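Work through the exercises below with the coordinates open. Try each task before reading its solution.

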Amino acid sequence: MLDSPEFVAPSMTNTSMKEREESLAANRKPALFKLRGQLLAQGRTDQVLAATDDLTIRLKIYASGGENELHAHPSEDHAFMILQGSARFYGPENEAIDLGKYEGIMLPKGNFYWFHATSKEPLVMI
């Protein structure tokens with residue numbers, strides 16, 4: 001019998017996020033998780049919900065206008081699925097695409113990108 005899913009607090013540092021990923025990846029059984037996080041008026045959070053050696057599932061919440069910086073992940077693919085709000089994703093030459101609720105983007109490893117939250121409500125993504 002699987003344990004009931006539990007709420008996972010956001011990671012406060014890259015080190016704590018990596019430690020949680022490694023801990024979860026060590027488990028070789030099915031894992032349950034909850035999609036529950038605090039909606040923000042400012043800042044952003046990142047919760048590691050589940051992980052294996054090949055896949056990590058995170059719940060990311062950004063306050064309106066929140067953003068990250070141009071970067072790439074050279075050894076891992078990335079996908080984002082918007083559950084609430086909207087975001088504009090940019091490529092390396094500032095090409096842009098707007099995505100809203102229930103839309104997503106797949107970024108194969110090595111692709112440069114950045115995004116920012118465009119909705120008045122917080123951006124919630126997996």
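The exercises that follow concern a predicted model.

**Exercise 1. The five-stranded sheet**

Task: Find the strand order of the open sheet of five strands, and say which strands stand at its edges.

Solution.
- Step 1. Trace the pairing. The order is β1-β2-β8-β3-β6, and the pairing is antiparallel.
- Step 2. Look for strands with a single partner. These are β1 (44-51) and β6 (104-107), so one side of each has no neighbour in the sheet.
- Step 3. Add the twist. From one strand to the next, it averages 20°.
- Step 4. Check the β6 edge. Strand β3 (residues 78-84) runs antiparallel to β6, and four bridges join them. One register point is M81, whose bridge partner in β6 is G104.

**Exercise 2. The β1-β2 hairpin**

Task: How many residues lie between β1 and β2 in their hairpin, and how many bridges pair the two strands?

Solution.
- Step 1. Count the connection. Four residues separate the two strands of the hairpin.
- Step 2. Count the bridges. There are seven, in the antiparallel sense.
- Step 3. Fix the register. Q47 sits opposite L59 of β2.
- Step 4. Check the cover over β1. Seven of its eight residues are buried, which leaves this strand mostly covered.

**Exercise 3. D46 in its strand**

Task: Is D46 buried or exposed, and which side chain does its own side chain meet in a polar contact?

Solution.
- Step 1. Place the residue. D46 belongs to strand β1.
- Step 2. Apply the cut-off. Buried means under 20% relative accessible area. D46 has 10%, so it counts as buried.
- Step 3. List the contacts, leaving aside neighbours within four places in sequence. D46 touches P10, S11, M17, R58, L59 and K60.
- Step 4. Pick out the polar pair. The side chains of D46 and K60 make a polar contact at 2.7 Å.
- Step 5. Compare sequence and space. D46 and A72 are 26 residues apart in sequence, and their C-alpha atoms are 18 Å apart.

**Exercise 4. The faces of α1**

Task: Which residues of α1 are buried, and against which strands do they pack?

Solution.
- Step 1. Locate the helix. α1 (residues 14-26) lies across β1 and β2 (56-62), at about 15° to β1.
- Step 2. Test the span. Its 13 residues reach 18 Å from first C-alpha to last, close to the 18 Å expected at 1.5 Å a residue.
- Step 3. Name the buried set: M17, E21, L24 and A25.
- Step 4. View down the axis. The buried residues fall within an arc of 100°, so they line one face of α1.
- Step 5. Find what they meet. The buried residues of α1 pack against β1 and β2. M17 is also among the contacts of D46.
- Step 6. Turn to the face away from the buried side. T15, S23 and A26 are exposed there.

**Exercise 5. Three loop residues**

Task: Where do G37, H73 and S86 lie?

Solution.
- Step 1. Start with G37, in the loop between α1 and β1. At 31% relative accessibility, G37 counts as partly exposed. G37 and A51 are 14 residues apart in sequence and 18 Å apart between C-alpha atoms.
- Step 2. Move to H73, in the loop between β2 and β3. Its side chain joins that of H71 in a polar contact of 3.1 Å. Not counting residues up to four places away in sequence, H73 touches H78, K109, G110, N111 and Y113.
- Step 3. Finish with S86, in the loop between β3 and β4 (87-90). S86 is buried, with a relative accessible area of 19%. Its side chain makes a polar contact of 2.7 Å with the side chain of T118. Beyond four places in sequence, the contacts of S86 include L99, G100, H116 and L123.

**Exercise 6. The three-stranded sheet**

Task: What is the strand order of the open sheet of three strands, and which strands are its edges?

Solution.
- Step 1. Read the order: β5-β4-β7, with antiparallel pairing.
- Step 2. Identify the edges. β5 (96-99) and β7 (114-117) each pair on one side only.
- Step 3. Add the turn. Neighbouring strands in this sheet are turned by 20° against each other on average, direction ignored.
- Step 4. Inspect one pair. β4 and β7 are antiparallel and share four bridges. Within this pair, A87 stands opposite A117 of β7.

Note on methods:
Residues are numbered from 1 along each chain as its sequence is written. This is a predicted model: local features need pLDDT of at least 70, side-chain atom pairs count only at pLDDT 80 or more; totals for chains, interfaces and linings use all residues. Side-chain values use heavy atoms; hydrogens and water are left out. Two strands pair if DSSP finds at least two bridges between them. Axes are lines fitted to C-alpha atoms, for helices over the stretch in contact, and angles run from 0 to 180 degrees between N-to-C directions. Contact means heavy atoms within 4.5 Å. The expected span of a helix is 1.5 Å times one less than its number of residues. Buried means under 20% relative accessible area, exposed over 50%, partly exposed in between (1.4 Å probe, protein chains only). The arc is that of the directions from the helix axis to the C-beta atoms. A polar contact is a pair of N or O atoms within 3.5 Å; within protein, one must be able to donate a hydrogen and the other to accept it, and residues adjacent in sequence count only if both atoms are side-chain atoms.
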